[in-house]
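Please walk me through this protein model. I am new to it and would like a plain account of how it is put together.

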Amino acid sequence: MAVLRDTFTWLPAWRHNPQDFLRDAREEDLYVAVLDHRIVGVAAYHRAGDFLHSLYVSQRGVGAGQALLARVTEESAGDLSLKCQAKNRRAQAFYRREGFRVIERGVDPWDGGVAWVRMARG
């Protein structure tokens, strides 16, 4: 969960735990990027909603994020979307480079008022 703490620095560490990830991922397809026998990235794809629920990499610059996104795109029905926390500028820049654009903005009132952006290709 270190990658979550490193990515979402504005959230308290207690917000990142394996149990929450595994609970959320029960209804999703999980993909893992491996480099030199180490897991360097993970993506969770909710097929029914054609929604990329999460994509995390622990080692940037090795193509893990692009490979995971390409794999999810292969499974997508063509309307792939995702949400990023608004403060996560690095992720938004990555998705823009990969052809996504912001289609919606909002705030999660049940999640402490965290602002988010919804992105989709097209």
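A residue counts as exposed when its relative accessible area is over 50%, as buried when it is under 20%, and as partly exposed in between. By that rule H37 is exposed, because its relative accessibility is 81%. Keep these cut-offs in mind, as they return below.

The model is a predicted one. Its mean pLDDT is 86, and 82% of the residues reach 70 or more. Confidence varies along the chain. It is lowest in helix α1, residues 2–7, where the mean is 53. It is highest in α3, at 96.

Start with the overall layout. The chain holds 4 helices and 6 strands. From one end of the sequence to the other, they follow the pattern α-α-β-β-β-α-β-α-β-β. The chain has 122 residues, and 41% of them are buried. Now take the contacts with a sequence separation of 6 or more. Of these, 46% join residues that are 24 or more positions apart. On the outside, the chain exposes about 7,400 Å². Carbon and sulfur atoms supply 51% of that area.

Next, go inside. The largest nonpolar core has 21 residues. L52, L55, L69 and Y95 have the most contacts within it. Several elements give two or more residues to this core: strands β1 (29–35), β2 (38–46), β3 (51–57), β4 (81–85) and β6 (114–121), along with helices α3 (64–75) and α4 (89–97). The largest share comes from α3, with 4 residues.

Y95 is a good place to look at this core up close. Leave aside residues up to four places away in sequence, and Y95 touches L52, L55, L69, L82, C84, F100 and M119. Three of these partners, L52, L55 and L69, are also listed with Y95 among the residues with the most contacts in the core.

Nonpolar residues also appear on the outside. V32, V34 and I39 form a nonpolar patch on the surface. Together they have about 290 Å² of accessible area. V32 sits in strand β1, an element that also gives two or more residues to the core. V32 itself counts as partly exposed, because its relative accessible area is 47%.

Now follow β1 to the loop that leads to β2. D36 lies in this loop, and so does H37. Look at their backbone angles. Most residues other than glycine have a negative phi. D36 has a positive phi, near 50 degrees. The phi of H37 is positive too, near 65 degrees. What about their side of the surface: buried or exposed? D36 has a relative accessible area of 60%, so D36 is exposed. H37, at 81%, is exposed as well.

Charged side chains come last. The chain has 5 salt bridges. One of them pairs R47 with D29, at 2.5 Å from N to O. R47 lies in the loop between β2 and β3, and D29 lies in strand β1, so this pair ties together parts that are 18 residues apart in sequence. Both ends are partly exposed: R47 has a relative accessibility of 39%, and D29 has a relative accessible area of 23%.

Two further salt bridges start from R71 in helix α3. The first goes to E74, with the closest N and O atoms 3.4 Å apart. E74 is also in α3, 3 residues from R71, about one turn of the helix. The second goes to E75, and here the closest N and O atoms are 2.5 Å apart. R71 and E75 are 4 residues apart in α3, so about one helical turn separates them. Salt bridges with shared partners join D29, R47, R71, E74 and E75 into one network.

How open to the surface are the α3 members of this network? R71 is partly exposed, at 32% relative accessibility. E75 is partly exposed too, at 26%. E74 passes the cut-off for exposed, because its relative accessible area is 59%.

Technical notes:
Residues numbered from 1 in each chain as written. Predicted model: local features only at pLDDT ≥ 70, side-chain atom pairs only at ≥ 80, totals over all residues. Heavy atoms only, no water. Core = buried A, V, L, I, M, F, W, Y, C linked by side-chain atoms within 4.5 Å. Buried < 20%, exposed > 50% of the residue type's maximum accessible area, 1.4 Å probe, protein only. Contact = heavy atoms within 4.5 Å. Patch = residues over 30% accessible without salt bridge, like charges linked within 9 Å, V, L, I, M, F, W, Y side chains within 5 Å. Areas by Shrake-Rupley, 256 points an atom, 1.4 Å probe, with all protein chains shown as cover. Salt bridge = Lys/Arg side-chain N within 4 Å of Asp/Glu carboxyl O. pLDDT = per-residue confidence, 0-100.
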